[in-house]
Amino acid sequence: MSGYLASLEAESIEIIREAVALAEKPVMMYSIGKDSSVMLHLARKAFWPAAPPFPLLHVDTTWKFREMIAFRNRMAQESGMKLLVHTNHQRKAEGVNPFTYDSDTYTGLMKTEALKQALDAGKFDVIIGGARRDEEKSRAKERIFSFRSPGHRWDPKLQRPELWNIYNARIHPGESIRVFPLSNWTEADIWQYIADENIEIVKLYFAAPRPVVKRSGQWIMVDDDRFPLNPGEVPEMRTVRFRTLGCYPLTAAIESKATTIAEIVEETQTARTSERQGRLIDHDQSASMEKKKQEGYF
Amino acid sequence: MRDTLRFITCGSVDDGKSTLIGRLLWESKQVFEDHLSALERDSTRYGTQGEAIDLALLVDGLQSEREQSITIDVAYRFFATPRRRFVVADTPGHEQYTRNMATGASTSELAVLVVNGSKGLQTQTHRHARIVSLLGIKHLVMAINKMDLTGWDEVAFAKIVEDFQPVVRDLGFETFQPIPISALNGDNITELSSAAPWYKGPALLTYLEEIDATTGVPDLKFRMPVQLVNRPNHDFRGYCGRVASGKVGVGDRVRIVPGGMETKVRSIVAWKAELPSAGSGDSVTLCLEDEVDVSRGSVIVASSDPLELSEQFEARVLCLSDHHLVAGRSYLLNLHTCQAVATITAIKHQVDVRTGSHLAAKTLAMNDIGVVNISTDRPVPFEPYDRCRRLGSFILVDRLTNETIGAGMIDFSLRRAANIRWQAVDIHKAARARQKLQKPVCLWFTGLSASGKSTIANMLEKRLFAAGKHTYMLDGDNIRHGLNRDLGFTESDRVENIRRVTEVARLFVDAGLITIVSFISPYRAERDLARSRFEVGEFIEVYVDTPLEECERRDPKGLYAKARRGELTNFTGIDSEYEPPESAEIRLDTVNNTVEQCVEHILYKLEHGMASKPEAN
């Protein structure tokens with residue numbers, strides 16, 4: 001491993017240990033993606049030979065790729081950690097889905113509202129998440145220990161100054177702290193680390209023939225028969241892969257021939273668009289991530 | 001040379017910092033197409049460059065700052081060239097956000113100070129140079145920007161550099177490189193521009209790729225602050241932490257600070273494997289040969305190079321909050337993994353960040369830097385900041401709001417703890433208490449003016465006296481006529497007022513007396529500090545809980561009326577806050593109870609040994 005990656009790893013392990021040392025009831029968000037895979041790996045390293053002393057929490061919209069769910073269950077078992085899965089059943093019963101509702105409404109209810117429900121129910125005070133500063137402009141300003149007011153709101157003006165490697169996790173009841181151990185990693189670092197450490201990731205990241213349809217100029221995979229095809233529309237088989245993973249109707253695939261980590265690393269280094277390009281939810285409105293974050297989105 | 005450089009960019013408003021970083025990202029091809037199309041959209045909407053792309057918008061992320069066209073928070077950027085990786089802390093130039101600059105500087109090795117070549121040195125230039133120096137940065141680049149606006153005037157460039165030389169010397173930077181640039185046009189960024197043939201130095205990015213940004217401070221031997229003890233079962237006990245300095249190998253002799261026990265390293269545990277050694281910056285788990293007392297906040301150090309332990313420091317402190325740092329108030333101090341209760345015992349002086357001269361100061365306001373003495377409630381392990389950032393830096397946290405209120409760097413131990421011995425005495429508190437047949441306590445009455453504190457305290461003392469007890473009453477008004485006649489009603493004077501009374505009450509309790517203190521004492525932090533000076537069970541907080549309207553109705557001295565008319569300022573309850581106790585041992589409701597009933601209640605609790613448990617509010 002390069003000296004640079006080794007120091008990123010050491011920093012992340014230090015952050016995860018601080019989160020645990022300063023928390024009453026910590027939890028780690030687990031979204032099954034490559035960043036979650038790296039974060040889980042780092043957590044296991046931080047506490048080896050013990051299992052990490054916190055549960056994993058997955059907010060399941062019920063629209064994830066099927067492969068992701070199978071992978072999630074296997075990883076939780078392998079790590080020896082407790083897996084908590086939460087779905088906003090009330091909204092699901094009300095018929096909220098990613099097809100009839102715009103992505104803003106859908107994400108707001110099935111992800112952000114669901115997340116708050118799960119965090120309130122678990123009474124978690126420190127929530128470890130996989131966000132990175134290079135992902136998006138409003139995230140570049142995020143603290144490693146990010147303060148949330150009651151109701152999980154993020155107010156950029158209330159963030160505590162964060163100097164050196166000293167973190168202030170003191171809170172009053174109802175408030176919480178989100179901790180981002182991958183803050184200083186870039187997408188390229190994540191891939192390089194996955195390669196160096198041989199970390200298992202969901203196969204959807206690798207190119208393979210998959211059934212897709214074109215929507216708004218982007219390839220969307222038809223992962224199950226809930227996908228409403230337009231009249232006359234037939235999914236076609238294309239060799240595609242995903243740069244990020246989320247709800248399958250909202251996650252665009254890219255045409256790619258990268259079937260190994262090395263090929264992905266190479267593709268990432270020459271990529272001309274950011275990985276969030278494939279996330280339909282970020283294009284809703286200008287500064288949309290800043291707004292979502294204020295409401296409590298990760 | 002390290003393969004990563006962490007640097008901070010700073011400078012005054014409108015010097016073009018954000019444009020410079022946008023330019024560096026652009027030139028190192030870190031700008032993705034979708035970011036670019038967002039940029040094109042935004043440039044027409046918010047940009048200051050007409051139809052051209054405004055590179056500053058690449059980094060000015062938050063909508064609120066785009067609307068104001070200023071950067072209001074520190075942002076971290078990552079870019080790489082084939083030769084090096086860079087982590088950039090982009091920090092604001094606006095004066096009230098200096099704290100964010102200190103934040104960015106705390107993890108940086110080098111500073112790029114951006115100066116507007118067409119305007120010359122500004123107050124902020126000096127301020128920022130001093131702040132980065134205070135935070136331990138030894139390498140400075142001065143990017144003299146907007147040179148295109150000066151027509152690439154060599155004389156103007158030379159004058160700025162010459163005027164700044166004394167500051168460089170004064171602040172002790174190990175390297176200093178001035179570079180004339182135009183971030184807007186990309187001149188002298190990645191390669192030398194033909195616009196300034198007179199400039200013979202390196203281009204900015206070339207310089208950043210090549211500089212050795214380590215410092216000349218000799219390396220310390222092994223030190224690792226313990227983050228947590230990993231004890232999954234009886235067979236394994238490991239100490240987790242990140243090595244702050246030096247190296248450690250299996251079999252090395254180490255010492256635990258505090259405690260001083262010596263043992264050997266049995267193993268260094270990593271993921272599914274063991275390591276023969278570990279070095280500075282590594283996150284590891286150490287197992288030791290012997291069972292020793294180690295917990296979070298302990299430091300494991302090389303036996304051959306001991307670590308200092310002290311409870312009194314001199315430190316440089318930067319105030320980060322709009323709540324002032326006040327001498328005498330207690331804060332939580334986080335120093336590496338160690339937490340203690342700390343008090344600023346004296347503000348020696350404030351540093352004028354423009355000139356470096358010393359100013360007298362009673363408090364430190366937001367963005368003020370001062371040299372202070374700090375005392376902690378127990379000895380903590382440390383290194384001076386200039387020898388080891390990780391073991392010499394701390395933050396101060398407000399005990400009530402939990403806000404990070406200050407950041408500090410330890411200069412040295414005052415060693416008072418070693419020099420001033422307690423005078424050992426044979427007749428001690430317990431002996432005096434036995435002689436008087438009573439348990440000495442401090443009954444601390446707090447409440448608004450006219451709440452009834454003195455009336456109740458007075459009657460309580462009469463009853464205790466009648467019962468043969470030895471008492472003394474310290475009353476707010478009376479003390480202010482004598483011992484505290486030099487103090488007014490500002491926040492810092494109120495803190496000192498309480499501190500003195502606390503110490504007097506403590507001596508009286510030591511003398512065996514039942515001591516009754518009757519002070520408004522509006523701040524929770526001060527009452528908590530007072531409590532911390534007594535033994536457990538000795539301090540009884542009596543909250544005289546009378547609503548403000550009731551106090552105002554009684555108003556025996558006419559003070560509320562005066563305060564309402566604006567003739568009295570800093571009056572508690574009117575224009576100065578009262579923070580009610582959260583868990584007072586005794587709470588008195590004076591609206592529904594008479595003075596006699598209140599006194600009976602206190603006596604009952606004292607006689608039945610129930611006065612040391614909090615009552616529900």
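Visitor: Left-handed or right-handed: what is the crossing of α2(A) and α6(A)?
Guide: The two helices cross in a left-handed way; that means the near helix is turned anticlockwise from the far one by less than a right angle, while clockwise would be right-handed. Helices (H or I, at least four residues) and strands (E, at least two) are DSSP runs numbered from the N terminus. This is a predicted model, where local features need pLDDT of at least 70, side-chain atom pairs count only at pLDDT 80 or more, and totals for chains, interfaces and linings use all residues. Residues are numbered from 1 along each chain as its sequence is written, chains are lettered from A and ligands numbered from 1 in the order in which they are written, and side-chain values use heavy atoms, without hydrogens and water.

Visitor: At what angle do the axes of α2(A) and α6(A) cross?
Guide: At roughly 55°, with the axes coming within 10 Å. That makes the pair oblique, since angles under 35 degrees count as roughly parallel, over 145 as roughly antiparallel, 65 to 115 as roughly perpendicular and the rest as oblique. Axes are lines fitted to C-alpha atoms, for helices over the stretch in contact, and angles run from 0 to 180 degrees between N-to-C directions.

Visitor: Which residues of α2(A) meet α6(A)?
Guide: Among them are A:Val38, A:His41 and A:Leu42, and the α6(A) side includes A:Ile190, A:Trp191 and A:Ile194. Contact means heavy atoms within 4.5 Å. By class, this contact has 6 nonpolar, 1 polar and 5 charged residues (Ala, Val, Leu, Ile, Met, Phe, Trp, Tyr, Cys and Pro are nonpolar, Asp, Glu, Lys and Arg charged, the others, Gly among them, polar).

Visitor: And how do α2(A) and α3(A) cross?
Guide: Their axes come within 12 Å and cross at roughly 5°, so these two helices are roughly parallel. A:Ser37, A:Leu40 and A:Arg44 face a set in α3(A) that includes A:Phe71 and A:Met75.

Visitor: Switching to sheets: what is the strand order in the open one?
Guide: β3-β2-β1-β4-β6-β5 in chain A, with mixed pairing; two strands pair if DSSP finds at least two bridges between them. β3 and β5 have a single partner strand each, so one side of each lacks a neighbour in the sheet. Inside the sheet, β4 and β6 of chain A run parallel over 3 bridges, and A:Ile128 stands opposite A:Val179. Helix α1 packs on this sheet, touching β1, β4, β5 and β6 of chain A.

Visitor: Which strands close into a barrel?
Guide: β7-β8-β10-β9 of chain A, in that order and with antiparallel pairing. Neighbouring strands there are turned by 70° on average, direction ignored. Strands β7 and β9 of chain A share 5 bridges, with A:Arg210 opposite A:Arg238.

Visitor: Where is confidence lowest in chain A?
Guide: In helix α8 (residues 288–295), at a mean pLDDT of 67; pLDDT is the predictor's confidence in each residue, from 0 to 100. Residues 282–286 of chain A stay under 50. Where pLDDT is low, the predicted coordinates should not be read in detail. The chain A mean is 90.

Visitor: Which peptide bond before A:Pro49 is cis?
Guide: The one from A:Trp48, with omega near 10°; A:Pro49 lies in the loop between α2 and β2 of chain A. In chain B, a cis bond joins B:Val257 and B:Pro258.
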